[in-house]
Structures are given as structure tokens and as C-alpha cells.
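User: Hi, I'd like to understand some of the words people use for protein structures. Can we go through them with the one below?
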Amino acid sequence: MTRVVVVGDLMTDAVARAKFPLARASDTPAVVTMHGGGSGANIASWLAVEGSEVAFIGRRGADITGRNRDMELMGYGVDARLVMDPERPTGTCVVLVTHKGERTMLSDPGANAALSPEDLPRDLFTSGAHLHMSGYTLINEGSRDAGLAALDMARRAGMSISVDCASAAPLERTGAEPFLEWTDGAKLLFANADQAKVLTGRDDPAAAAKVLTAWFPQVVIKLNAEGSLWYSNNRPEPVRSPGEVVDRVVDGTGAGDAFTAGFLPVWLDGKPAAEALAAGNALAAKCIANLGARPRL
């Protein structure tokens, strides 16, 4: 089994689900819950509970929240390599969910923004392992040097590399050209349709994936309820996999992270792309049926 090393963000998600339409500049009843979050930490958690050997590199605050997130990762079976920041708090994301299920996120990266190249454990970067880089680490200016250093260390060690695009709005603010330059050498890119459009200007996900194979040998586009597709630079047509039927959608937070965690082990095992896509879709459906972005402990 290939060991997966995830470099990324660790957050606490404060999820507020409105019971009625938002009353702007006033008060709206809601159900507010707290959960472990952060795209990178979510992916590591799902990988671990599904049986993969996984290490997570990140930074947390010297606060109770950070300690809880650290213990939570260990509870999932993640080899958590978290550096404690003496000044910055553990990152927090406020997730506003409307009565119709639309999500808007307000993020404070906290200690994530101070991740440095010195925080990267050299013993994890070894031949035969796989690096997954969270796009948030590259998009955030404070942690960018750490992300670039991790990618360089992985290349030098002969590791395979995958990268995700984080989120469409910050990706657009950063710009497609810098992001594509930073991630040069990665074998696999994960994006959703909005992120793929930011990088290519193409509305059609399959067309966007084809364009992106000019930079990445393989591209996966997540299509929400429609499933997912995979495109390789040596194939004329994409491989598609339909989304799984979910009887009751509880929370869509983290579904894309769960998809990545479902796809990677099958892909790393050399199985067909259709099989890896189906595994990703299945784990995303499992996440959607749960409250929060992480597996249940």
C-alpha cells in the first residue's frame, strides 16, 4: 500500500444552518455545530478510516481547539505531524448554509498561514510514497513557500504528486497562470467544474479537463450530483462515472475532500480510472449523508 503524505490546512468548522431565508442585517434562527475541518485534514482523515497509511503535515495553534483537532486526527489513525504555533490560533471556517442548502464559507486560516519549509518532516519524503498537496497551502501567501518546498522535496525523492484546486474564488484571485506554474510536475489534478473554468476559461468540464492535460498528465473533474470524469493526455475521450444516489443529503461540506480520499488509493494501486472514480463517488456520497466534513469517530 502506498503511503500518502498530505500537506494542507487544519481548521475548525463552525457550521450554521439557517432554518429560514436569511434576514439580512437582522436575526435568523439556525442550528450551529462545530466540527473538525480543513480540506487537507479532511482528506487525510477519510484516507485513514478507509484503511490507507497517511501522514498529515500542518500547523495548529497552542489552544484547546488545536489540541482537540490534533487528537481527532490521531483518533482517525492519521500520523499527524502538526507544528504548534505560539502566536496564531488554530484556523477557523464559518460555514453558512441557507435553508435551501447553499453554502458560503468565511475562512480565517490562523496558524495555517504560518506553515514554513522548516515545518516539513524530511523523513516523510521518500521514494515510493505519494504527496497530495492542498491548493489552499499554495494559494495562501503565508504558507506558499512551504507548499513549494514540499513539492520540490517530493520531486527530488521520486514521489508521485497530486494537487487540488482549493476553492474557485481564492483561485481566481490568485490567478490561473501562477497556480499552474507552482504545480508543474504534478501527475494528477483534482478540480470541480468552477475551478476548472477559472484555470481554463472553459464552461464545459470535459473541454476544461482536456485543456488542463497540457499541464497535468491526468485530470479529475468533480461534478457534484452528476458524478465525476477523468481525462488523460493520451486518450481521445474522458472516462465518466455517474454520481451515487443519496436518499437524504445531510451536509455537503467536505464531499469533494472525501471524493479525493476515495479516488487516490484505487488510482495509486494502478486500477482503471473508472474504478477509481466510482470509489471517489461512493465516499463522497457517504460524506454527504453525514454531519460535518469528516468521518464519524
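User: What makes the pairing of D269 and K271 a salt bridge?

Analyst: The term asks for a side-chain nitrogen of Lys or Arg within 4 Å of a carboxyl oxygen of Asp or Glu. The side chains of D269 and K271 come to 3.3 Å, N to O, so the pair fits that definition. Bear in mind that this is a predicted model, where local features need pLDDT of at least 70, side-chain atom pairs count only at pLDDT 80 or more, and totals for chains, interfaces and linings use all residues. Residues are numbered from 1 along each chain as its sequence is written, and side-chain values use heavy atoms, with hydrogens and water left out.

User: Is D269 called buried or exposed, and why?

Analyst: Buried means under 20% relative accessible area, exposed over 50%, and partly exposed in between (1.4 Å probe, protein chains only). D269 has 53%, so it counts as exposed. K271 has 36%, so that one is partly exposed.

User: Which residues are joined into one network by salt bridges that share partners?

Analyst: That network consists of R3, E53, D79, R81 and D123. Overall, the structure holds 14 salt bridges.

User: Why is D119 with R59 a salt bridge, and where do the two sit?

Analyst: Their closest N and O atoms are 2.7 Å apart, so the cut-off is met. D119 lies in the loop between β7 (103-108) and β8 (130-133), while R59 is in strand β4 (residues 54-61), 60 residues away along the chain. Strands here are DSSP runs (E, at least two residues) and helices are too (H or I, at least four), numbered from the N terminus. D119 has a relative accessible area of 12%, so it is buried. R59 is also at 12% and therefore buried.

User: How many helical turns separate D152 and R156?

Analyst: About one, because they are 4 residues apart in helix α4. They form a salt bridge too, with the closest N and O atoms 2.8 Å apart. At 32%, D152 is partly exposed, whereas R156, at 69%, is exposed.

User: What makes something a nonpolar core?

Analyst: It's a set of buried Ala, Val, Leu, Ile, Met, Phe, Trp, Tyr and Cys residues joined through side-chain atoms within 4.5 Å. The largest one here has 43 residues, and F125, L131 and F179 have the most contacts inside it. Helix α4 (residues 144-157) gives the most to this core, with 6 residues. A second, separate core has 20 residues, including L47 and F56.
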